[in-house]
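Visitor: I am new to this structure and would love a close look at one residue and what lies around it. Could you pick one and take me through its surroundings step by step?

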Amino acid sequence: MSHFPLFEKNTAPAESVEWLEKAEQNFNMIPNIEKVMALTPQLLAAYTFMWDGFNTTTLNEQERQVIYMTANFENECNYCVPWHTLLSKKANISQDDVAALRSGAPLSDSKLNALRNFTRTLIANRGKASEAELQGFFEAGYSDKQALEVILGLAIKLISNYTNSIAGTPLDPEVEDLRWRKPLIRERKSD
């Protein structure tokens, strides 16, 4: 049982209220993750600002969801995977590829799969990628700028995945039917 409170607009620190309102505008409700982050207004503000900024990058909605879902999978975020499953479906990622993102399997689209592999490499190697790994990312059609945009996406996920990990954020009813646990994977190789 977590001892991290879930704040509403009427109970949150005053500095968090505007950011909770922004979350409500973005999602038509306030997800529990934002309710937890409201305890630290600076964290909630940074998360919201970065989330909104990531949406204006050169990466399209599907690519952003691939980055988010890859980080959620690798960081074993039981709270984020259901939400980003829903957002991936809204981004028109195929059912098979949504299932692949939830299970760690290869994606059917080679460009998106290269993005997933690059994202996974950065997570596994603490931001380090070999020249060959970078080249594979670029050969798939991505740019230097997009490599940096991946880092922005990972920074957002670090905030949410780590917050959920220590807070044990309860899953929202809106995504209860998409509940997730990381599957056991025996051996992983690049796809």
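Guide: Let's start with N164, which counts as buried because its relative accessibility is 6%. Here buried means under 20% relative accessible area, exposed means over 50%, and partly exposed is in between, with a 1.4 Å probe and protein chains only. The model is predicted, so local features need pLDDT of at least 70 and side-chain atom pairs count only at pLDDT 80 or more, while totals for chains, interfaces and linings use all residues. Residues are numbered from 1 along each chain as its sequence is written, and side-chain values use heavy atoms, with hydrogens and water left out.

N164 sits in helix 9, which covers residues 144-167. Helices are DSSP runs of H or I with at least four residues, numbered from the N terminus. Leaving out residues up to four places away in sequence, N164 is in contact with I33, C77, Y79, C80 and T169; contact means heavy atoms within 4.5 Å.

Two of those neighbours are cysteines, so it is natural to ask about disulfides, covalent bonds between the sulfur atoms of two cysteines. The rule used here asks for a pair of cysteine sulfur atoms within 2.5 Å. Searching the whole structure turns up zero of them. C77 is in no disulfide, and its nearest cysteine sulfur, that of C80, lies 3.1 Å away. From the side of C80, the closest cysteine sulfur is the one in C77, and 3.1 Å is too far for a bond. Both cysteines are tucked inside: C77 is buried at 3% relative accessibility, and C80 is buried at 4%.

Next to C77 in the chain comes E76, in the loop between helix 4 (61-74) and helix 5 (80-90). Most residues other than glycine have a negative phi. E76, though not a glycine, has a positive phi near 55°, and it is partly exposed, with a relative accessible area of 47%.

Now back to I33, another contact of N164. I33 also helps line the largest cavity, where it is among the residues nearest the centre, together with Y47, W51, W83 and H84. A cavity is a set of points on a 1 Å grid, over the protein atoms alone, where a 1.4 Å probe fits but cannot get out, and lining residues have an atom within 4 Å of a point. There are three cavities of 30 Å³ or more, and the largest holds about 110 Å³. Those volumes are the space filled by probe spheres set on the points, which are joined across faces, edges and corners.

Who builds the wall of the largest cavity? Helix 2, helix 3, helix 5 and helix 9 each supply at least two residues of the lining, with the largest share, four residues, coming from helix 5. The lining has nine nonpolar, three polar and two charged residues, where Ala, Val, Leu, Ile, Met, Phe, Trp, Tyr, Cys and Pro count as nonpolar, Asp, Glu, Lys and Arg as charged, and the others, Gly among them, as polar.

Helix 3 connects to this picture as well: its buried residues include Y47 and W51. The elements covering its buried residues include helix 1 (14-27), helix 2 (32-37), helix 4, helix 5 and helix 9, the last being where N164 is found.

Technical notes:
On a 1 Å grid over the protein atoms alone, a cavity is a set of points where a 1.4 Å probe fits but cannot get out, and a pocket is an open set with protein on both sides within 12 Å along at least five of seven lines; lining residues have an atom within 4 Å of a point.
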